[in-house]
Amino acid sequence: MPQVGSKKGLKTSEAEEEEHLTSGLLHCAHLVLPWLTSLELANISLSCKFLYATSKSITLRRILDASRSIENIPIPFHPPINDCPYAFFIYTPTSIIPDHRIERQCWGSISDSQSSHVGSESTNLGGEVSGCDCENCGDFEFQCPCSSLDGLEDVASECGPRCSCGLECENRLTQRGISVRLKISRDEKKGWGLYADELIKKGTFICEYAGTF
């Protein structure tokens, strides 16, 4: 009888150890896999059932929001396509410096953090940091010095962190993020494209776009 009890205790210990190991692997997978590209994620999902299930859950979260929870409103892929459910690209709410190395980006994690971003500092062509002391940047009688660049009337320039105004300022239009519902769909002939998912009033700021799908 004591030997039987010993065997049961051994089996219980092995089961607990296996459960602990599985829990550790699951935690590591959810930390590492969201950093992979779609091709890397597809390749690793073929290695075992465990990684296949984890990769599938990450893919489903990626389909729900292309903005990585950076924007106030999610940008889903709709409708998802089985053989190509989403397009992989780097999403950023700020400008990318030319020739700057783009790092990997986490996408599809369970704990995607909500964050708000204020645009980069206003600069002139000389690269010097500027900032205004305006009480109302929308006052046309005293035009905000940040609103234009000398000799470049068609180039928009907004207030930055060094300015006295807040995020509600009329000259921070692009810094408040997306405020209309958008979706990404794939056309059989033209490929991926960004579409409005609601009626948008004329003159409304939608988003900034750079690069190609």
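This report describes aromatic pairs, two unusual backbone positions, a helix, a strand pair and the nonpolar cores of a predicted model.

## Aromatic rings

Six aromatic pairs are counted in this model. In one of them, F77 and W192 meet edge-to-face, with their ring centres 5.4 Å apart and an angle of 80 degrees between the ring planes. Because F77 lies in the loop between α3 (49-64) and β1 (182-187), while W192 belongs to strand β2 (residues 191-196), this pair ties together parts that are 115 residues apart in sequence. Both F77 and W192 are buried.

The pair also belongs to a wider arrangement, since ring pairs link F77, Y86, F88, F89, W107 and W192 into a cluster. Two rings of this cluster, F89 and W107, have R68 over them: R68 lies over the face of F89 at 5.3 Å from the ring centre, and over the face of W107 at 3.6 Å from the ring centre.

## R68 and S69 in the loop

R68 is found in the loop between α3 and β1, and S69 is found in the loop between α3 and β1 as well. Most residues other than glycine have a negative phi. Against that background, the phi of R68 is positive, near 60 degrees, and the phi of S69 is also positive, near 65 degrees.

Are these two residues buried or exposed? R68 has a relative accessible area of 5%, and because the cut-off for a buried residue is under 20%, R68 counts as buried. S69, with a relative accessible area of 13%, is buried by that cut-off too.

## T37 and its contacts

T37 lies in the loop between α1 (2-32) and α2 (38-44), and at 24% relative accessibility T37 counts as partly exposed. Which residues does T37 contact, leaving aside its neighbours within four places in sequence? The contacts of T37 are with R62, F88 and R104. Of these, F88 is also a member of the ring cluster described above, and R62 is one of the buried residues of α3. In addition, T37 and C106, which are 69 residues apart in sequence, have C-alpha atoms 9.4 Å apart in space.

## Helix α3

The length of α3 can be checked with a simple calculation: at 1.5 Å a residue, its 16 residues should span 22 Å, and the end C-alpha atoms are 23 Å apart, which agrees. The buried residues of this helix include L51, T54, S55 and I58. An α-helix has 3.6 residues a turn, so residues three or four places apart point the same way. That spacing can be followed in the buried residues T54, I58 and R62 of α3.

## Strands β1 and β2

β1 and β2 run antiparallel and are joined by six bridges, and a hairpin of three residues connects β1 to β2. Within this pair of strands, R186 stands opposite W192 in β2, and W192 is the residue that forms the edge-to-face pair with F77.

## Nonpolar cores

The largest nonpolar core holds 21 residues, and the members that touch the most others are L33, A66, I75, F77, F89 and I184. α3 and β1 each supply at least two residues of this core, and the largest share, three residues, comes from α3. Apart from this core lies another, of nine residues, among them C137, C159, C165 and C169.

Notes
Residues numbered from 1 in each chain as written. Predicted model: local features only at pLDDT ≥ 70, side-chain atom pairs only at ≥ 80, totals over all residues. Heavy atoms only, no water. Phe/Tyr/Trp six-rings, centres within 6.5 Å; stacked < 30°, edge-to-face > 60°. Helix = DSSP H or I, 4+ residues; strand = E, 2+ residues; numbered from the N terminus. Buried < 20%, exposed > 50% of the residue type's maximum accessible area, 1.4 Å probe, protein only. Lys NZ or Arg CZ within 6 Å of the ring centre and 35° of its normal. Contact = heavy atoms within 4.5 Å. Expected span 1.5 Å × (residues − 1). Core = buried A, V, L, I, M, F, W, Y, C linked by side-chain atoms within 4.5 Å. Pairing = 2+ DSSP bridges.
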